[in-house]
Amino acid sequence: MNAAMVVVGVNYPVRALLTAGTYLENGGNQATGLSTILRNPLAYVFRRFGLRYPDQVDAEGCPCVNLDQLGRHNVIEHDVSWTRRDAAQRDNATVQKDLVEKMMAAASDGKAVDTNDFAKLRRQRLQEQRRDNPELLYGMLQHLSACGEIAFVQALFGDRKQKKVPIEYIEALYLEERLPLEEGWTKRKGWLPGIGELSIQAFKIVWTVGKIV
């Protein structure tokens with residue numbers, strides 16, 4: 001995971017946060033002792049996003065995460081995905097071609113998807129899933145996660161000024177599951193995307209989407 005983020009061009013603090021968070025134990029709402037909080041405050045704050053089961057280790061006793069745990073519902077994966085159906089719709093793991101095509105079609109100029117386009121699409125997806133999924137779970141936590149995901153894509157694959165992502169890049173990333181090298185993408189040089197830039201862009205999307213309730 002860390003190696004992959006080096007390839008696409010993410011700075012060290014973001015790589016450290018994402019890779020460390022992956023190995024946190026999932027604590028849900030269970031009470032945590034003060035000594036535990038003081039010993040590992042990061043694990044306490046991000047316990048909901050941890051993928052490991054308590055005390056999960058490999059054959060050598062090292063903390064580990066199995067690949068099938070990356071899709072744990074309401075940890076990283078959540079309802080109203082950009083490209084997948086909800087858990088209650090039985091298949092929340094398979095990329096849906098029609099949803100990717102909707103993302104590509106969201107480009108108001110027919111060439112690249114910008115922040116306003118992504119925000120409009122987020123509102124549309126939420127309306128669709130409210131209609132199609134009676135068991136929908138989508139609050140501010142899930143909304144921030146969804147907006148953060150697309151902010152990540154915009155920072156890495158969008159242009160530096162407007163964060164517009166070419167539709168050819170979207171097709172390569174989501175349908176063909178590869179980096180859009182053939183389409184001309186290159187890793188950003190100089191100042192790499194960091195926590196500040198990603199946070200600002202994520203909240204810009206949240207603000208543009210507006211109220212979700």
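These legends go with close-up views of one predicted model.

**View 1. The whole chain, with 9 helices and 2 strands.**
Follow the chain from its start and the elements come in the order α-α-α-α-α-β-α-α-β-α-α. Of the 213 residues, 41% are buried. Take the contacts between residues at least 6 apart in sequence: 61% of them join residues at least 24 apart. The accessible surface adds up to about 12,300 Å², and carbon and sulfur atoms account for 57% of that.

**View 2. Helix α5 and its buried face.**
Helix α5 covers residues 97-105, and L99, V100, M103 and M104 are its buried residues to look for here. Seen down the helix axis, these buried residues fall within an arc of 145 degrees, so they line one face of α5. Turn to the face pointing away from that buried side and you meet K97 and A105, which are exposed. As for what sits over the buried residues of α5, the cover includes strand β1 (112-113) along with helices α6, α7 and α8 (167-175).

**View 3. R125, an arginine in helix α6.**
Helix α6 runs through residues 115-132, and R125 is part of it. R125 has a relative accessibility of just 1%, and because anything under 20% is called buried, this arginine counts as buried. Leaving aside residues up to four places away in sequence, R125 touches V80, S81, W82, R84 and L99. One of those partners, L99, is also among the buried residues of α5.

**View 4. K163, in the loop between α7 and β2.**
The loop holding K163 leads from helix α7 to strand β2 (165-166). This lysine comes out at 10% relative accessibility, so K163 is counted as buried too. The K163 side chain reaches the backbone oxygen of R160, at 3.3 Å. Setting aside residues up to four places away in sequence, the residues that K163 touches are V113, Q154, A155, G158, E197 and Q201.

**View 5. A nonpolar patch on the surface.**
Three residues, M140, L144 and F203, make up this patch of about 290 Å². L144 belongs to helix α7, which spans residues 140-157. With 33% relative accessibility, L144 counts as partly exposed. Helix α7 also turns up in View 2, as part of what covers the buried residues of α5.

Conventions:
Residues numbered from 1 in each chain as written. Predicted model: local features only at pLDDT ≥ 70, side-chain atom pairs only at ≥ 80, totals over all residues. Heavy atoms only, no water. Helix = DSSP H or I, 4+ residues; strand = E, 2+ residues; numbered from the N terminus. Buried < 20%, exposed > 50% of the residue type's maximum accessible area, 1.4 Å probe, protein only. Contact = heavy atoms within 4.5 Å. Areas by Shrake-Rupley, 256 points an atom, 1.4 Å probe, with all protein chains shown as cover. Patch = residues over 30% accessible without salt bridge, like charges linked within 9 Å, V, L, I, M, F, W, Y side chains within 5 Å. Salt bridge = Lys/Arg side-chain N within 4 Å of Asp/Glu carboxyl O. Arc of directions from axis to C-beta. Polar contact = N/O pair within 3.5 Å; in protein donor to acceptor, adjacent residues only side chain to side chain.
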